[in-house]
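This report describes a single protein model together with its bound ligand. It begins with one polar contact and widens from there to the ligand shell, the nonpolar cores and the loops.

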Amino acid sequence: MNKTIIRVENLIIAFGNFRAVDGISFEVSKGEIFGFLGANGAGKTTTIRALCGILNPTSGRVFVNGKDVAAATSVLKPHIGYMSQKFTLYPDLTVYENMDLAGSLYGLDRETVRRRSAELFDFIGLKNIPKGPVKHLSGGVKQMIALASSILHDPELLFLDEPTAGTSPQTRTSFWNLIRQLAAKGKTVFVTTHYMDEAEYCGRIVLMQRGRILALGTPEELKERYFPVRPKELTFCVHKQQETAQKIKRENWGLVSVFGSKLRVYVSNQTAFENFCRNSRDIFTCHDVPPSLDDVFLKAISGDK
Ligand code: ATP
């Protein structure tokens, strides 16, 4: 049976009158890659900060390993790794100095830090350890080292807040390989991202908007839930995509997005839409396409189920 490692019960975090997190509940099982998705300001970082014990809930409760985080932060600290969006590495320190500093924060002795650092440099594929300040390294290398420093103490639960933001596609791929390897070793990874393609790598995902959970499930479950009818993709004989998009919106036949010379339509009035397609001289093809998580997100934020 899956063991619950995180339990969040009706969590509210308010800054003054503003609720950054507005009554969310969910559970995460040990060994899961759990994705937390949402636009800027959705409340992802604030939730992570509560899960790590950095912020106290305004109301509601957060449990890690069955312990109330607000009451047991110091007990839980050795079990948790946190790679924040910023400030994970000290830019003026070298790679080794950063690792030493991270080790001292977790109370590790120098020998353990050196041994673990060597293991982790191997894990992230860092062969020649740069000697200068980390501020001179590329964004991708910095992110890898930040990951290594956040798991120096070998935590069972890892929070990664937008770990791949601003990095190259190659770094993103390598980073996700590392995440998968960590999960394969039984680590639980709670990760936020703006990239919907990355969300496909998660076991389950949450879609957040303005502090609330819009949807929670596996990528496949969400696609099924939001798209019992598959999205349609339209191609055109002539440049009529904008005009057609306007018509579909005006007639309320569904949501529509323009992708270059194609339209993607999340059809709500199937009969009317199909009639229109059959009779249109401008449409070259109309066929079903598998929904992506981008499609799910667009539909979820539109309030459509
Ligand atoms: P991003 O992807 O931009 O990091 P996010 O989903 O992580 O977004 P949060 O950083 O959790 O969002 O912020 C949620 C909301 O709470 C935002 O409107 C933010 O401005 C606000 N907020 C966060 N921290 C504070 C704070 N200390 N005081 C006041 N408002 C805050």
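## A buried threonine in β8

In this predicted model, the side chains of T192 and D161 are joined by a polar contact of 2.6 Å. T192 is part of strand β8, which runs over residues 188–193, and a polar atom of its side chain also lies 2.8 Å from the backbone nitrogen of E162. The side chain of T192 is thus described by two separate short distances, one to the side chain of D161 and one to the backbone of E162.

Is T192 buried or exposed? T192 has a relative accessible area of 0% and is therefore classed as buried, the cut-off being under 20%. Setting aside neighbours within four places in sequence, the residues in contact with T192 are F36, K44, I48, L160, D161, E162 and P163.

## The ligand and its shell

Two of the residues that touch T192, namely K44 and E162, also appear beside the ligand, since G41, K44, T45, T46 and E162 are the ones that come nearest among the 14 residues around it. Several short polar distances can be listed here: a backbone N or O atom of G41 lies 2.7 Å from an oxygen atom of the ligand, a backbone N or O atom of G43 lies 2.9 Å from a ligand oxygen atom, and an N or O atom in the side chain of T46 is 2.5 Å from an oxygen atom of the ligand. On its own the ligand has 630 Å² of accessible area, of which the protein covers 60%.

In composition, the shell divides into five nonpolar, seven polar and two charged residues. Strand β2 (18–29) and helix α1 (44–51) each supply at least two of the shell residues, and α1 gives the most, with three.

## Helix α1

The helix that gives the most to the ligand shell is largely enclosed by the rest of the structure, because six of its eight residues are buried. The buried residues of α1 are K44, T46, T47, I48, A50 and L51, and K44 and I48 are both in contact with T192. Just after this helix, G53 takes a positive phi of about 85°.

## Nonpolar cores

The largest nonpolar core contains 47 residues, and I124, L147 and L160 have the most contacts inside it. Helix α6, spanning residues 169–184, gives the most to this core, with six residues. Beyond its neighbours within four places in sequence, I124 is in contact with M144, I145, A148 and L178. A second core, separate from this one, has 29 residues, among them L11, F26, I48 and Y82. In soluble globular proteins, nonpolar side chains tend to be buried together.

## The loop between α5 and β7

E156 is located in the loop between α5 (139–150) and β7 (157–161), and with a relative accessibility of 18% it counts as buried, since the cut-off is under 20%. Its side chain makes a polar contact of 3.0 Å with the side chain of K30. Apart from neighbours within four places in sequence, E156 is in contact with I5, K30, N65, H79, K187 and T188. By comparison with these contacts, the C-alpha atom of E156 is separated by 23 Å from that of L216, which lies 60 residues away along the chain.

D154 belongs to the loop between α5 and β7 as well, where it counts as partly exposed at 43% relative accessibility. Although D154 is not a glycine, it has a positive phi of about 55°.

## A further positive phi

Most residues other than glycine have a negative phi. N252, in the loop between α9 (241–251) and β12 (254–259), has a positive phi near 65°. At 60% relative accessibility, N252 counts as exposed.

## The protein as a whole

The protein has eleven helices and 14 strands, and its C-alpha trace spans about 75 × 45 × 40 Å along the principal axes. Of its 305 residues, 49% count as buried, while the accessible surface comes to about 15,200 Å², with 50% of that area belonging to carbon and sulfur atoms. Among contacts with a separation of 6 or more, 69% are between residues 24 or more positions apart.

How values were computed
Residues numbered from 1 in each chain as written. Predicted model: local features only at pLDDT ≥ 70, side-chain atom pairs only at ≥ 80, totals over all residues. Heavy atoms only, no water. Near = heavy atom within 4 Å. Polar contact = N/O pair within 3.5 Å; in protein donor to acceptor, adjacent residues only side chain to side chain. Areas by Shrake-Rupley, 256 points an atom, 1.4 Å probe, with all protein chains shown as cover. Helix = DSSP H or I, 4+ residues; strand = E, 2+ residues; numbered from the N terminus. Nonpolar A, V, L, I, M, F, W, Y, C, P; charged D, E, K, R; others polar. Core = buried A, V, L, I, M, F, W, Y, C linked by side-chain atoms within 4.5 Å. Buried < 20%, exposed > 50% of the residue type's maximum accessible area, 1.4 Å probe, protein only. Contact = heavy atoms within 4.5 Å.
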